[in-house]
Amino acid sequence: MTLVTGLASVVLSPGEPCDPSPFLREKKSKKYLGLQDALAVVSAGRALAAAGLAASPPGERTGLYLAVGYIPFLERDIAPVLAGSLDERGDFSPARFGAEGYTRAHPLLAFRCLPNMPAYHVAANFGIEGPYAVLYPSAGQLYVALEEAALALDRGEVDVALVVGVAHQRNYLVEHHMRRIDDPVPADRLLDASATVVLERADHAARRGARALGELASVDVAYAPFDPLARAPAKRETVAVAGAWAAPVEGGAELGPASPLVALARAWEGGAVEVVHRLEGRDGITAESRWIRRAS
């Protein structure tokens, strides 16, 4: 049995800050964190606290399985890079990008934009030393991470697994991308969000006297390849609570890889006992998970 011993979500309003300071081992490391990193650290820290695992490092028997959203970039950061990469005709020049454009990027951007950095900051600040996987960039990939975590628990490779979904979406580059896809998403529907669920083997939770919030009853993931030159499938996401299907969370907002776990957190906060989340992703991934909440 795979138990849920911790769950937390963070969904920011436009312009709302996210301060990871309470969870950082070294306060000065804050300058290396982008918003995506901060969101992952905050949701992971809150979930670990809910699971009673915040006081001591989880160590080598804890795995980290994270799905991160599209690479974020602010226009003020990318504009000088582009300007230094154009040739005399105004066309992009790889040679000029390598010689000049690349050098115009702020040095800290290398830390703040890489997809694996949220996983690093979560692992480093909470002492997670077990196996890990970093997936990119969709809600479907969150399901791949969730399936990897469930399998690792079933095989006894880990005792605890953190599954994290995070996306910084209200920025120039992601908004530009989401306008160009086959199923475009308006900028006002994009929200910055993160959610973390702590999954645990039942025997391990019993040994440490942990309180189970619920259980992951099942997770199923499938992939249907599609022609990359054809129109990509539209994204559909629904959640069922007591048999009634509805839009999952936040009035139809786009939450990227955080969406399935935010939907779960919202449903459990609302008192739902059984939650079924279904996803048909733009990347050909279809998935379903069923979660049972235990009485408080």
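In this predicted model, Gly 165 stands opposite Ala 195 of strand 5, a contact that belongs to the pairing of strand 4 (residues 160-167) with strand 5, in which the two run in the antiparallel sense over eight bridges. Strand 5 also pairs with strand 1 (residues 2-11), again antiparallel, through nine bridges, and here Thr 2 stands opposite Arg 201 of strand 5. The two pairings of strand 5 are set out below.

| Partner of strand 5 | Sense | Bridges | Opposed residues |
|---|---|---|---|
| Strand 1 (residues 2-11) | antiparallel | nine bridges | Thr 2 and Arg 201 |
| Strand 4 (residues 160-167) | antiparallel | eight bridges | Gly 165 and Ala 195 |

Strand 5 itself, which spans residues 193-201, is mostly covered, with eight of its nine residues buried.

A separate feature is the largest pocket, which holds about 530 Å³ of space and has a lining of 22 residues, those nearest its centre being Phe 73, Ile 78, Val 81, Phe 97 and Ala 105. Of the lining residues, 18 are nonpolar, three are polar and one is charged. Helix 2 (75-83), helix 4 (109-113) and helix 7 (172-180) each contribute at least two residues to this lining, and helix 2 provides the largest share, with five residues.

The backbone offers one further point of detail, at Pro 137, which is placed in the loop between strand 3 (132-135) and helix 6 (139-154). The peptide bond that leads from Tyr 136 to Pro 137 is cis, with omega near 0°, whereas most peptide bonds are trans.

Key. Residues are numbered from 1 along each chain as its sequence is written. This is a predicted model: local features need pLDDT of at least 70, side-chain atom pairs count only at pLDDT 80 or more; totals for chains, interfaces and linings use all residues. Side-chain values use heavy atoms; hydrogens and water are left out. Helices (H or I, at least four residues) and strands (E, at least two) are DSSP runs, numbered from the N terminus. Buried means under 20% relative accessible area, exposed over 50%, partly exposed in between (1.4 Å probe, protein chains only). Two strands pair if DSSP finds at least two bridges between them. On a 1 Å grid over the protein atoms alone, a cavity is a set of points where a 1.4 Å probe fits but cannot get out, and a pocket is an open set with protein on both sides within 12 Å along at least five of seven lines; lining residues have an atom within 4 Å of a point. Grid points are joined across faces, edges and corners, and a volume is the space filled by probe spheres set on the points. Ala, Val, Leu, Ile, Met, Phe, Trp, Tyr, Cys and Pro count as nonpolar, Asp, Glu, Lys and Arg as charged, and the others, Gly among them, as polar.
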